[in-house]
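Reader: Could you take me through one part of this model up close? I'd like to see where the two chains meet.

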Amino acid sequence: MANDKELSDFLKSAERRAFKRTAFAVRDDDAALDIVQEAMIRLAEKYADRPLAELPLIFARILSNATMDWFRRQKVRQATMQNFSELESGSDDADFDLLEALETADGGNWDQQGPAERLSREQTLALIEQEVSALPARQREAFLLRYWEELDTAETAVVMGCSEGSVKTHCSRAVHALAKALSAKGLKP
Amino acid sequence: MIGTSGKRRVDLDALQARFSLRVASRLTEQAGSLPHDLGERLRVAREQAVHRARELRRAEASSTVSVLGSPGGVATLGSSPSAWVRLASLMPLMVLVLGLVLIQHLHDRAEIHAAADVDAALLADDLPPEAYGDPGFVEFLRQPEQ
């Protein structure tokens, strides 16, 4: 059972990622803050007595549900479904070599710290965020839950309400899309 | 033994995971530099949530204590004092009804005793009860004493 300090520490560690993840989805900082706050309150009211180790998965699920509730309230569910359908759209990148792009990206040296490099780095961070934000909703959600929230495939599937196979597909497509977009801009994450 | 395509698959998975983790670490870095007002609003939201959890725990603890701490652990009849007031207001009526029933009972007993006394007097008298059914004897009784 998590005590007040453990609950506070957990929320502190998760709040910024939760905010950014929600902001990617709803594209509105104020709405994202409201959703994160609502999720925090729900967690505190209903699940504060659960073991600390269970909180990340529970919070991720509450946050996803709260985000979906927000979409329902905004009556833009249709718009998000259109985004989902983009998953099935076009394969005009048949000649794109993912392995080559990833190998190139993997060779980048990120630890340069001169002023010019720092500026370049900040711009790169902003562009990476922009590309992640541009991913289709389900791909982005799978990618962020799996690699940013560090949930495993099964946990991600539970939060997203889909199969593990779908999670793998979404993640793979997200990586493919990100690698292609970042390569096109000459960026190495 | 892993073939060429299998090796390529493994390489791809490993590179994909490494690439994803690098992107995730950049996102973490970017999230760390949120504007101050957003950070503050998140802090306030977090504190409200923790405060709410604390309040609920206290309320739960105090309700448990009040149940265990009630006198003798006996459940009380209703929580509202109006139930007791209503019950107390019915007491005089109940006493009145009980009194009337008692008076009726005592009255019946007195009548039974009186009838029993008359019967006992008649049976103990020298004159047989059948005499009171004789018209001549009744006429005799109506005549003034001479």
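Author: Sure, starting with the head count: 36 residues of chain B are in contact with 48 residues of chain A, contact meaning heavy atoms within 4.5 Å. Bear in mind that this is a predicted model, where local features need pLDDT of at least 70 and side-chain atom pairs count only at pLDDT 80 or more, while totals for chains, interfaces and linings use all residues. Residues are numbered from 1 along each chain as its sequence is written, chains are lettered from A and ligands numbered from 1 in the order in which they are written, and side-chain values use heavy atoms, with hydrogens and water left out.

The size of an interface is often given as the accessible area lost when the parts come together. Here chain B and chain A bury about 4000 Å² between them, with 65% of it on carbon and sulfur atoms; buried area is the accessible area (1.4 Å probe) that two parts lose on being put together, summed over both. On the chain B side, B:Phe19, B:Leu27 and B:Arg46 supply 17% of the area that chain B buries against chain A, more than any other three residues.

Now for the charges. The rule finds five salt bridges across the interface of chain B and chain A, each being a side-chain nitrogen of Lys or Arg within 4 Å of a carboxyl oxygen of Asp or Glu. If you want one to look up, try A:Asp4 with B:Arg54: the closest N and O atoms of that salt bridge are 2.9 Å apart.
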